[in-house]
Amino acid sequence: METINIIDSKKHVGEVVKIGAWVANKRSSGKIAFLQLRDGSAYFQGVVVKNEVGDETFELAKSLNQETSVIITGEIREDTRSKFGYEIGVQTIEVVGESHDYPITPKEHGTDFLMDHRHLWLRSSKQHAIMQVRNELIRATYEFFNDRGFIKIDPPILTSSAPEGTTELFETDYFGSPAYLSQTGQLYLEAAAMAFGKVFSFGPTFRAEKSKTRRHLTEFWMMEPEMAFVDQEGSLEIQEQYVAFMIEKVLENCDYALDVLERDKDLLRKYTELPFPRISYDEAVELLQQNGFEDITWGDDFGSPHETFIANHFEKPVFILNYPKSMSPFYMKPHPTRDDVVIRADLIAPEGYGEIIGGSERAIGYDYLLAEIEKDGLDRKDYEWYLDLQKYGAVPHSGFGLGLERTVTWVCGIDHVREASPFPRLLHRIYP
């Protein structure tokens with residue numbers, strides 16, 4: 001008898017198999033008991049018929065508590081009434097681990113309660129589906145960049161410099177000297193791009209921003225590519241191809257998870273249609289002002305209502321180009337014909353999910369970068385190694401960063417709960 005995962009049921013229709021699972025829920029009706037089973041790969045139903053299994057097994061099935069672990073044997077058969085499409089006709093049940101008074105019952109629970117039990121909440125069908133989509137986005141990321149000749153680089157997590165500004169850094173003591181949790185690996189990736197041409201990193205980043213919104217997380221995973229001999233136009237093409245590729249792979253490989261999340265698949269397919277629309281920062285401000293946004297003037301950063309309106313106006317992800325220099329980091333390339341903007345772009349997701357990618361063409365020129373570093377009040381000695389890149393064969397180059405959590409939230413269509421968004425913390429801190 002073969003032991004299988006629930007997700008592989010379609011390959012074993014008509015066969016008697018063994019499955020290790022947990023009881024997510026149960027109900028009984030007369031001489032039939034229905035067990036909702038999960039094994040980490042998927043959920044499906046186990047049907048226990050009293051006349052087929054006998055009194056002892058039937059009574060055992062009716063007595064199983066939520067989250068009891070079991071080994072089930074039975075015949076896999078099609079079930080056209082369920083979204084999954086298959087079920088198991090149970091023949092035997094072996095209890096592996098008892099469960100009593102499981103706190104997350106099949107009823108509505110408040111977010112605070114669920115967050116206090118997030119080590120168990122991960123077992124729920126919706127969180128399970130979210131994690132499957134997240135895993136597919138990660139897998140697709142590696143496939144996309146590996147197939148295009150990128151080399152993965154792992155920048156340090158503890159750093160001495162601040163690419164994005166010192167006010168957003170978590171400081172720690174590094175054997176008597178200050179060090180910071182990395183807010184981006186970009187500067188290190190620029191150095192790596194001068195060695196390998198095309199590189200990317202994928203790992204945790206940290207921002208010391210106290211916030212209860214989904215827009216600002218203290219810890220998140222970011223995918224960052226850096227490309228030598230690539231200008232902004234080439235970078236934008238890579239960005240939109242990458243986003244479309246990830247969504248295509250989720251549609252291809254996470255059909256059941258999207259059903260659990262009740263995500264509109266036709267809408268997701270629309271987001272794979274390229275190219276994405278583009279609008280300059282100047283045009284975005286004008287568009288907002290023409291549509292009643294009196295709180296925005298040139299030079300202001302966009303808030304969530306502004307980004308939501310812009311993306312929904314185009315009904316697709318949209319690039320906003322050429323932001324004011326005054327609100328941009330020192331390493332971004334100045335515009336060739338304007339002193340007030342830089343060659344920067346953000347990709348804004350529709351449906352109110354905001355910025356998922358930020359990127360730019362990088363500035364080159366030793367004197368220019370040194371002047372910008374000093375103007376920002378940064379310590380020159382922390383950036384001498386970075387300035388070395390300008391002395392030894394500097395080339396035009398571009399890069400960007402994609403926030404994984406916000407992208408997963410968008411692709412899954414997750415509603416945001418302002419006071420305690422369960423999604424990001426659940427991913428990174430499964431245990432309290």
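**View 1. An open sheet of 8 strands, with mixed pairing, in the order β7-β11-β12-β17-β16-β15-β14-β13.** The model shown in this and the following views is predicted. At the edges of the sheet stand β7 (151-152) and β13 (278-280), each of which has a single partner strand, so one side of each is left without a neighbour in the sheet. Within the sheet, β14 (residues 318-321) and β15 (residues 344-349) run antiparallel and are joined by 4 bridges, and Leu321 stands opposite Ala345 of β15.

**View 2. Helices α6 and α7 against the sheet.** Helix α6 (residues 186-196) packs on the sheet through contacts with β7, β11 (198-206), β12 (219-228) and β17 (397-403), and the direction of α6 makes about 30° with that of β12. Helix α7 (residues 232-253) also packs on the sheet, where the strands that α7 touches are β12, β13, β14, β15, β16 (354-361) and β17; the direction of α7 makes about 30° with that of β17.

**View 3. Helix α14 (residues 404-412) and the residue that follows.** Of the 9 residues of this helix, 9 are buried, so α14 is largely enclosed by the rest of the structure. The buried residues comprise Leu404, Glu405, Arg406, Thr407, Val408, Thr409, Trp410, Val411 and Cys412, a list in which the charged side chains of Glu405 and Arg406 appear alongside Leu404, Val408 and Trp410. Just after α14, the backbone at Gly413 takes a positive phi of about 70°.

**View 4. The cysteines Cys254 and Cys412, which are not joined in a disulfide.** The sulfur of Cys254 has its closest cysteine sulfur in Cys412, at 8.3 Å, and this is too far for a bond, because a disulfide requires the two sulfur atoms to lie within 2.5 Å. Accordingly, Cys412 is in no disulfide, and the count of disulfides comes to 0. Both residues are nevertheless placed in the interior by their accessibility, since Cys254, at 5% relative accessibility, counts as buried, and Cys412, with a relative accessible area of 2%, is buried as well.

**View 5. The surroundings of His306 in helix α11 (residues 304-314).** With a relative accessible area of 6%, His306 is buried, because a residue counts as buried when this value is under 20%. When its neighbours within four places in sequence are left aside, the residues in contact with His306 are Leu288, Phe293, Asp295 and Ile296.

Terms used. Residues numbered from 1 in each chain as written. Predicted model: local features only at pLDDT ≥ 70, side-chain atom pairs only at ≥ 80, totals over all residues. Heavy atoms only, no water. Pairing = 2+ DSSP bridges. Helix = DSSP H or I, 4+ residues; strand = E, 2+ residues; numbered from the N terminus. Contact = heavy atoms within 4.5 Å. Axes fitted to C-alpha atoms, helices over the stretch in contact; angles between N-to-C directions. Buried < 20%, exposed > 50% of the residue type's maximum accessible area, 1.4 Å probe, protein only.
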